[in-house]
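Q: Please take a close look at one part of this model, the loops and the strands around them, working outward from a single residue. I would like the backbone, the burial and the strand pairing treated together, in one connected account.

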Amino acid sequence: MRPQRRFPPMADPIQTARLAYRLIYLLLAVLVIFLRLLPLDTTPTSWPGPNLLLCLCFAWVLRRPEYVPAPLVALVFLADDILSQRPPGLFAAIALLGSEFLRRREAMSRELTFLIEWLMVAGVMTAVFLAYRLGLAITFVAQSNLSMETLQLVSTVVAYPLVVGLTRVGFGLRKAATGEVDAMGRRL
Amino acid sequence: MARDRNGQTDYVGPIRRIVVGGMVFVLLALFLLWRIDSPRVERFRAALVDRLVPSMEWALVPVTKFAGMVEDFQSYAKIYEQNQELRRELQQMKAWKEAALQLEQKNARLLDLNHVPLDPKLTHVTGVVLADSGSPFRQSVLLNVGERDGIRDGWAVMDGLGLVGRISGVGQSTARVILLTDSNSRIPVTIQPSGQRAILSGDNSAIPPLDFLEAADQVRPGDRVVSSGDGGVFPAGLLVGQITQGPDRRFRVWLSADYERLEFLRVLRSHETPPVTDSGGLIAPDDRLGPPPPPAEPAADAPATTVPADG
């Protein structure tokens with residue numbers, strides 16, 4: 001990315017768009033965390049909602065990876081760890097690794113149909129949840145019960161297409177088509 | 001990353017990997033630090049939450065209120081039935097009130113006859129719920145009172161009626177309350193008519209089960225459960241709830257506190273009961289052994305010798 005920037009002096013429109021989208025991602029993440037912090041229902045739930053941050057991150061990484069740089073991903077998940085009383089750092093590290101795994105397959109995934117992409121994402125999400133539980137087990141941290149976490153994993157996987165649809169409708173984020181170029185004529 | 005779509009040498013890939021690897025390393029190091037020195041990191045977390053969440057209060061409070069209004073508005077739809085029901089309930093309540101008044105008078109008379117001293121030290125600080133835990137696996141709420149209001153770890157928290165949980169984690173202006181339903185919550189309780197002791201252990205369900213119950217056959221659904229004060233953490237006699245029996249025949253507790261809508265909570269100031277350390281002095285007719293033996297004392301030399309020896 002960086003060595004190609006040969007048009008520094010003017011206000012670079014691509015740069016501005018990129019910054020704007022990064023800001024939007026950050027705001028969405030803050031919104032998700034904020035909504036979860038609202039003390040609306042303090043009784044224990046029997047159906048834990050999806051981990052929307054994970055859906056959001058994976059959906060954006062597979063569409064426009066340059067809008068969700070790795071430091072931003074790490075920051076968002078670390079903040080989520082700290083605010084939602086999880087052991088700080090572990091889930092963030094695993095989610096970051098998962099997003100990097102998908103990021104490297106972004107170009108490959110352009111040719112895939114959505115169903116295959118969904119399967120791939122579901123696989124990565126399962127791996128993330130398993131790795132998280134494994135990490136907690138290795139360090140002897142008390143874990144929440146398996147059935148609840150499994151339910152959360154399932155609802156996260158189910159929520160993924162919805163998040164993808166919303167980002168497409170709401171923010172016009174699609175996969176780059178083969179051979180598509182940006183405003184500067186560079187291939188995406 | 002060998003793939004290079006622009007026909008240029010890719011300098012970014014390896015550097016990227018190092019950066020990402022570094023970040024993963026830092027995050028894992030933070031996790032390990034938490035594992036090794038959890039109190040310090042938790043204090044850092046409390047401080048951070050203390051800084052962040054009150055600054056969101058301007059948004060948290062209106063949205064919560066608004067959601068509450070929407071919920072209330074939905075109940076307007078059934079206002080007629082509700083009205084009828086309330087009238088019926090009111091009628092019953094009047095009867096109960098009469099009974100309660102009589103009982104209260106009777107109780108006061110009996111207490112007076114027995115010279116029972118009531119504990120005057122149970123005062124409370126009231127706080128407003130700012131946020132909940134943010135995770136479906138943790139049951140806790142954040143209050144807007146903290147260290148500056150004198151809140152300390154371990155104090156009991158109630159709503160108007162029953163026990164809600166205990167303080168765990170205090171920031172400058174916020175404090176976290178671990179609810180009785182959290183899977184880390186363990187509270188010693190007494191079951192009222194039979195006097196059985198048990199531990200109320202939260203398990204992330206709305207009706208937490210009882211553990212270490214001695215004689216289960218003496219306990220019935222409907223019995224009152226109050227805190228027992230064992231272990232000196234909680235004051236004794238706070239209402240917790242009623243016994244119920246789950247489908248698995250295990251005794252569980254319907255909590256009296258209204259967990260649906262936790263809004264204003266009372267933090268009870270509990271003062272440590274002074275521990276009894278020694279087994280008591282020797283009781284002997286010797287005049288050096290303590291203040292009680294007043295009768296036959298030579299008044300002339302006693303104050304000069306015994307008082308310093310006592311202290």
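A: B:Arg249 has 7 C-beta neighbours inside 10 Å and therefore counts as exposed, the limit for that class being 12 or fewer. The model is a predicted one, and the angles and counts below should be read in that light. B:Arg249 sits in the loop that links strand E10 (239-245) to strand E11 (251-255) of chain B, and its phi is positive, about 65 degrees, although the residue is not a glycine. As background, most residues other than glycine have a negative phi.

A second loop of chain B, the one between E7 and E8, holds B:Asn204, whose phi is likewise a positive value, near 65 degrees, in a residue other than glycine. Its surroundings can be put in numbers: B:Asn204 has 21 C-beta neighbours inside 10 Å and therefore counts as buried, since that class begins at 20 or more.

The strand that leads into this loop, E7 (residues 196-201) of chain B, has alternating side chains, with B:Gln196, B:Ala198 and B:Leu200 directed to one face and buried, whereas B:Arg197, B:Ile199 and B:Ser201 are directed to the other face and are not buried. In general, the side chains of a regular strand alternate between the two faces of the sheet.

E7(B) has pairing partners in E6(B) and E8(B). With strand E6 (residues 186-191) of chain B, the pairing is antiparallel and extends over six bridges, and within it B:Val189 has B:Ala198 of E7(B) as its bridge partner; B:Ala198 is also one of the buried residues named above. Four residues lie between the strands of this hairpin, in which B:Gly195 adopts a positive phi near 70 degrees. With strand E8 (residues 210-211) of chain B, E7(B) again pairs in the antiparallel sense, here over two bridges, and B:Ile199 has B:Asp211 of E8(B) as its bridge partner. B:Ile199 belongs to the face of E7(B) whose side chains are not buried.

Elsewhere in chain B, a closed barrel of six strands runs in the order E1-E2-E5-E4-E3-E12, with antiparallel pairing, and its neighbouring strands are turned against each other by 45 degrees on average, direction ignored. One of the pairings in that order joins strand E3 (residues 156-158) to strand E12 (residues 264-268) of chain B through two bridges, the strands running antiparallel; here B:Met158 stands opposite B:Arg266 of E12(B).

As for the chain that carries these elements, chain B contains five helices and 12 strands, and buried residues make up 27% of its 311 residues. Of the contacts in chain B between residues at least 6 apart in sequence, 54% join residues at least 24 apart.

Chain B also meets chain A, where 43 residues of chain A are in contact with 45 residues of chain B. On the chain A side, helix H1 (13-37), helix H3 (70-83), helix H4 (90-104) and H7 each supply at least two residues, and the residues of that side divide into 26 nonpolar, 11 polar and six charged.

Key
Residues are numbered from 1 along each chain as its sequence is written. Chains are lettered from A and ligands numbered from 1 in the order in which they are written. This is a predicted model: local features need pLDDT of at least 70, side-chain atom pairs count only at pLDDT 80 or more; totals for chains, interfaces and linings use all residues. Two strands pair if DSSP finds at least two bridges between them. Two residues are in contact if their C-beta atoms, placed from the backbone, lie within 7 Å. Ala, Val, Leu, Ile, Met, Phe, Trp, Tyr, Cys and Pro count as nonpolar, Asp, Glu, Lys and Arg as charged, and the others, Gly among them, as polar. Axes are lines fitted to C-alpha atoms, for helices over the stretch in contact, and angles run from 0 to 180 degrees between N-to-C directions.
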